[in-house]
Amino acid sequence: MNKTLRVLLLEDSAADAELIAHELRHSGMTTVAERVASREAFETAIREFAPDVVLSDHARAEFDARAALHVLRSVSPTTPLIIVTDSLHGDKTVACLRAGAEDLILKGNLSRLPAAITNAVSVRRPLEKLTRRQIEVLRMVAEGHRTRAIASKLKLSVKTVESHRGEVMKRLDIHDVVSLVRYALRVGLITTTSEKS
């Protein structure tokens with residue numbers, strides 16, 4: 001990956017954040033990183049720092065990776081989140097992965113992190129070709145909404161929704177709704193669980 005990646009770290013420990021940054025530098029990745037440790041700072045950084053990827057410690061009690069994902073999906077739905085944590089947390093970890101976390105990396109095995117970031121960013125790159133409205137239409141199509149329902153919800157004509165859907169398929173080079181659903185799941189636009197955080 002040649003471009004400079006903007007990495008947002010949701011991490012209490014400055015020492016752990018430095019270990020992660022060191023691993024990324026050691027791998028040859030060019031990054032600019034920002035560390036935050038609260039919900040407020042996270043929400044501000046998503047808007048102002050505009051990260052390419054979020055790395056979140058899952059073990060934080062007051063604002064964990066699941067809560068961060070919820071914020072991320074509403075503000076920047078195409079940005080991937082990777083959990084970087086000391087240990088697995090059973091059901092909590094599974095719920096977070098189902099809610100759309102891209103991957104889970106243990107801090108004891110940070111050598112996997114550069115490849116996980118590269119993969120997460122590259123699978124979302126096609127979304128850069130879509131407008132915000134097209135991403136909304138993609139999400140609603142993938143959730144199973146019919147064209148008329150999408151038109152009504154977004155206050156658009158049926159013809160405009162059909163045009164958006166056709167453009168989404170063309171720009172993503174996807175030719176059927178099943179594949180659109182798979183892609184939307186893969187990039188976290190929709191989730192496999194209806195649980196709320």
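**Briefing: a five-stranded sheet and a helix pair**

Leucine 8 stands opposite valine 54 in β3. The model is predicted. Two topics are covered below: the sheet to which β3 belongs, and the contact of helix α6 with helix α7.

**The sheet**

- Strand β1, residues 5-10, pairs with strand β3, residues 53-56, in the parallel sense, and four bridges join the two.
- Five strands make up an open sheet with parallel pairing, and their order is β2-β1-β3-β4-β5.
- The edges are taken by β2 (31-36) and β5 (103-106). Each of these has a single partner strand, so one side of each is left without a neighbour in the sheet.
- From one strand to the next, the twist averages 25 degrees.

**The helix pair**

- Two packed helices are described by the angle between their axes and the distance between the axes.
- Helix α6 covers residues 132-142 and helix α7 covers residues 147-154. Their axes come within 10 Å and cross at roughly 135 degrees.
- An angle that is neither under 35 degrees, nor over 145, nor from 65 to 115 counts as oblique, and α6 and α7 are therefore oblique to each other.
- The crossing in which α6 passes α7 is right-handed.

**Residues in the helix contact**

- On the α6 side, the contact involves Arg133, Glu136, Val137, Met140 and Val141. They meet Ile150, Lys153 and Leu154 in α7.
- Sorted by class, the contact of α6 with α7 has five nonpolar and three charged residues, and no polar ones.

Terms used
Residues numbered from 1 in each chain as written. Predicted model: local features only at pLDDT ≥ 70, side-chain atom pairs only at ≥ 80, totals over all residues. Heavy atoms only, no water. Axes fitted to C-alpha atoms, helices over the stretch in contact; angles between N-to-C directions. Left-handed = near helix turned anticlockwise from the far one by under 90°. Contact = heavy atoms within 4.5 Å. Nonpolar A, V, L, I, M, F, W, Y, C, P; charged D, E, K, R; others polar. Pairing = 2+ DSSP bridges.
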